[in-house]
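Trainee: I have a model open and would like to work through it by questions. Shall we start with how the helices pack?

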Amino acid sequence: MLNRRHIRVKVMQTLYAFKGSESDDFSKDQKFLLFSIDNMYNLYLLQLSLLLEVKKRAESDLQKKQNKILATTEDKNPNLKFVNNELLNLLSENHQLKNLIEVHNINNWKLDDEYVDIIFKEITSSELYHDYMATRVSTFKEDKQFVVDVFKDIIAPNEKLYDYIEDKNLTWLDDLPTVNTTILKLLRKVKATSPETYFTPKLYKDIDDKQFAIDLFKKTLLQTSTINKEIELKTKNWDSDRIANIDYSLLQMAISEIKNFPSIPVKVTINEYLEIAKEYSTPKSSIFINGILDKLVKEYEEAGTLNKVGRGLI
């Protein structure tokens, strides 16, 4: 679920907030880094569980209508297509998913159920819903497409839900695009016969990714003085106040990665930090960062200190 760029963003955020020096104990900051990454899984479970709660809300709504004293024929014989949606049933019956939701104590929608109502009302008032409910039967393919469209067009872009997530955890805003993209990919690829583990992906692709986060954070901090001197030599004509703090952190990380991670190609490192700069810093930051890194890489090559292993890694 987690990719290397997102790991780099998490490290950047932690370094940006770090107030000490390379000689200080930064174990608490490392714990915060790992907690921030791990907490991304809670957001994944939160977003996915919203679909389950919306289904429950639909079932409750039908029950109330059937129990009305003056229930209409439609109330007594409702269209059950939504509550019987095969994909939603697949999610509801996924014991591993439900267990993870309980273990991670994801109970937001029970405490703040007004957001379930907001999403439910937006779904049921949409043209998408009315088109879907025009018939009483459907295939798994049709059910799946409906859930995909609901998540993509109604849940993911909902501004009130966005504000709620921001209030609950500030770091979740950066996680939200990755989490929503992951959920959409899973929803689109799911089959009626998918195993229970399908909706419980691993946070890290492998143990190397977690170690990469730790190593990038630690090695950047431990070499801050040396890295800063290299940056200063290349920015003599720049007023230090003109260099954005995020740009400085990204330069520190990029230089550390180029010097300390021999299996990562230089082009990959530079491109990753340029993309992060475009998203998180000023419009001209990527040009500035690219210029500094380009000069440093050429110096490393000329000095023979660019330590890269494998073919095509320069």
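Trainee: At what angle do α2 and helix α5 pack?

Mentor: This is a predicted model, so every value here is computed from it. Helix α5 covers residues 95-103. The axes of α2 and α5 are 10 Å apart. The angle between them is about 120°.

Trainee: How are α2 and α5 oriented to each other?

Mentor: Take the angle of about 120°. Roughly perpendicular ends at 115, and roughly antiparallel needs over 145. The pair falls in neither class, so α2 and α5 are oblique.

Trainee: Is the crossing of α2 and α5 left-handed or right-handed?

Mentor: Handedness describes how one helix is turned against the other. Where α2 passes α5, the crossing is left-handed.

Trainee: Which residues of α5 make the contact with α2?

Mentor: From α2 come Y41, L45, L48, S49 and L52. By class, the contact has 7 nonpolar residues, 1 polar and no charged ones. The α5 side supplies L97, L100 and I101.

Trainee: How are α1 and α11 oriented to each other?

Mentor: Helix α1 spans residues 4-17, and helix α11 spans residues 172-189. Their axes come within 11 Å and cross at roughly 175°. Angles over 145 count as roughly antiparallel. That makes α1 and α11 roughly antiparallel.

Trainee: How many charged residues are in the contact of α1 with α11?

Mentor: α1 brings H6, K10 and Q13, while α11 brings D174, D175 and T178. Histidine is not among the charged residues here; Asp, Glu, Lys and Arg are. The contact has no nonpolar residues and 3 polar ones. The number of charged residues is 3.

Trainee: Now the salt bridges. How many salt bridges does a search of the whole structure find?

Mentor: Each one needs a Lys or Arg nitrogen within 4 Å of an Asp or Glu carboxyl oxygen. R5, R8, E257 and E272 are linked in a network of such bridges. The search of the whole structure finds 17.

Trainee: Which residue forms a salt bridge with K56, and is that partner buried or exposed?

Mentor: The closest N and O atoms of K56 and its partner E53 are 3.4 Å apart. Both residues lie in helix α2 (residues 27-66), 3 residues apart, about one turn of the helix. K56 is partly exposed at 45% relative accessibility. At 17%, under the 20% cut-off, the partner E53 is buried.

Trainee: How many residues apart in sequence are the parts that K168 and D112 tie together?

Mentor: K168 forms a salt bridge with D112, with the closest N and O atoms 3.8 Å apart. K168 lies in helix α10 (residues 159-168), and D112 in the loop between α6 (108-111) and α7 (114-124), so the bridge joins parts separated in sequence by 56 residues.

Trainee: Of K168 and D112, which is buried?

Mentor: K168 has a relative accessible area of 46%, so K168 is partly exposed. Buried means under 20%. The other residue has 17%, so the buried one is D112.

Trainee: What separates K278 and E275 along helix α15?

Mentor: Their side chains meet in a salt bridge, at 3.3 Å from N to O. K278 is exposed at 52% relative accessibility, whereas E275 is partly exposed at 33%. The two are 3 residues apart in helix α15 (residues 266-280), so they are separated by about one helical turn.

Trainee: Which residue other than glycine has a positive phi near 55°?

Mentor: Most residues other than glycine have a negative phi. This residue sits in the loop between α5 and α6. Its relative accessibility is 52%, so it counts as exposed. The residue is N105.

Trainee: Is L50 buried or exposed?

Mentor: L50 is in helix α2. Beyond its neighbours within four places in sequence, L50 is in contact with W109, V116, I119, I155 and L161. Its relative accessibility is 0%, so L50 is buried.

Trainee: What distance separates the C-alpha atoms of E232 and Y162?

Mentor: E232 is in helix α13 (residues 224-234). With a relative accessible area of 44%, E232 is partly exposed. E232 and Y162 are 70 residues apart along the chain. Their C-alpha atoms are separated by 40 Å.

Note on methods: Residues numbered from 1 in each chain as written. Predicted model: local features only at pLDDT ≥ 70, side-chain atom pairs only at ≥ 80, totals over all residues. Heavy atoms only, no water. Helix = DSSP H or I, 4+ residues; strand = E, 2+ residues; numbered from the N terminus. Buried < 20%, exposed > 50% of the residue type's maximum accessible area, 1.4 Å probe, protein only. Axes fitted to C-alpha atoms, helices over the stretch in contact; angles between N-to-C directions. Parallel < 35°, antiparallel > 145°, perpendicular 65-115°, else oblique. Contact = heavy atoms within 4.5 Å.
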